[in-house]
Amino acid sequence: MIEKLLTLLATFTIAVISGGGYLGIALLMAIESACIPLPSEIIMPFAGYLVSTGRFDLYLAATAGAIGCNLGSIVAYEIGKRGGRPLAERWGRYVLVGPGELDMADRFFARFGGIAVLIGRLLPVIRSFIAFPAGVARMKLVPFHIYTFIGSWPWCFGLAWVGMKLGDKWNSDPRIKAAFHSADVAVAVVLLAGVAFFVWHKLHRLKR
């Protein structure tokens, strides 16, 4: 079942970006920033791969991703502003978001204040949830969106750059292609085990 879900996730990401172009990148990154677990670590590297084929421009791809982060953050911000923690805990379980992630984001925001939005956007995990405590604190929207964009752009650019470089090397360097093929089984096993543990851990915590 997990293998099917993983395949569907990859297929969905590729289809949206391939069909929607820059708008597809923005849409997927908006979903990720709305606290729905659609990893930017999959979205932006694939966009970067399409940069290597000439389909996208690297800077425009990163900008589309950062704009998507801003759009998706509005959802998390408004949930925090209007419903607070009870609303997030009630509905978060349906997208495998538990109190642990919310606690982490709350502590981070409490420590750094508004600038936490900028810093948090550069950090894995926290970046997806930092908009929620900003909404609870009713942070002003203009600095919120400025910090979100400035913090998100380098993240999107870096992941897209990695995807672009791998795309450049894929066909030009046979050693990389051979290494990927020889590691296919091991990577698949590790990836599936990681996803299985992630889902089990989330469900176990939510049940508690």
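Which residues of H2 are buried? Keep that in mind while you get your bearings; you'll be selecting them shortly. One thing before you start clicking: this is a predicted model.

**Stop 1: the whole chain**

Show everything as a cartoon. You should find 11 helices and zero strands in the protein chain. The chain has 208 residues, and 38% of them count as buried. Now switch on the surface: about 11,400 Å² is exposed, with carbon and sulfur atoms supplying 71% of that area. If you look at contacts between residues at least 6 apart in sequence, 73% of them join residues at least 24 apart.

**Stop 2: helix H2**

Select residues 40-52, which make up helix H2. Its 13 residues reach 18 Å from the first C-alpha to the last, close to the 18 Å expected at 1.5 Å a residue. Here's the reply to the opening question: the buried residues of H2 are Ser40, Ile43, Met44, Phe46, Ala47, Gly48, Leu50 and Val51. Color them and turn the helix around. As a rule of thumb, an α-helix has 3.6 residues a turn, so residues three or four places apart point the same way.

Then step just past the end of H2 and click Gly54, which takes a positive phi of about 90°.

**Stop 3: the largest core**

Stay with Met44 and show its side chain. Leaving aside neighbours within four places in sequence, Met44 is in contact with Ile25, Met29, Ala61, Ala62, Gly65, Cys156, Leu159 and Ala160. Met44 is also one of the residues with the most contacts inside the largest nonpolar core, alongside Ile17, Ile25, Met29, Ile43 and Phe56. That core has 23 residues. H1, H2, H3 and helix H9 (141-172) each give two or more residues to this core, and H2 gives the most, with six.

There's a second, separate core too, with 15 residues; select Ala116, Val117, Ala134 and Phe144 to see some of them.

**Stop 4: helix H3**

Next, pick residues 58-82, helix H3. The 25 residues of H3 should span 36 Å at 1.5 Å a residue, and the end C-alpha atoms are 37 Å apart, which agrees. Zoom in on the N-terminal end, where Asp57 acts as a cap: one of its side-chain oxygens lies 3.0 Å from the backbone nitrogen of Tyr59.

**Stop 5: the salt bridges**

How many salt bridges does a search of the whole structure find? It finds two.

You can reach one without leaving H3. Show the side chains of Glu78 and Arg82, which meet at 2.6 Å, N to O. These two are four residues apart in H3, so about one helical turn separates them. Arg82 is exposed, with a relative accessible area of 69%.

For the other, select Arg127 and Glu32, whose side chains meet at 2.8 Å, N to O. Why does this pair tie together parts that are 95 residues apart in sequence? Because Arg127 lies in helix H7 (residues 126-129) and Glu32 in helix H1 (residues 2-33). Are these two buried or exposed? Arg127 is buried, with a relative accessible area of 1%, and Glu32 is buried as well, at 4%.

**Stop 6: Lys165**

Finish in helix H9, where you'll find Lys165. At 38% relative accessibility, Lys165 counts as partly exposed. Now draw a distance to Tyr49: the two C-alpha atoms are separated by 7.6 Å, although these residues are 116 apart along the chain.

How values were computed:
Residues numbered from 1 in each chain as written. Predicted model: local features only at pLDDT ≥ 70, side-chain atom pairs only at ≥ 80, totals over all residues. Heavy atoms only, no water. Salt bridge = Lys/Arg side-chain N within 4 Å of Asp/Glu carboxyl O. Buried < 20%, exposed > 50% of the residue type's maximum accessible area, 1.4 Å probe, protein only. Expected span 1.5 Å × (residues − 1). Polar contact = N/O pair within 3.5 Å; in protein donor to acceptor, adjacent residues only side chain to side chain. Core = buried A, V, L, I, M, F, W, Y, C linked by side-chain atoms within 4.5 Å. Contact = heavy atoms within 4.5 Å. Areas by Shrake-Rupley, 256 points an atom, 1.4 Å probe, with all protein chains shown as cover.
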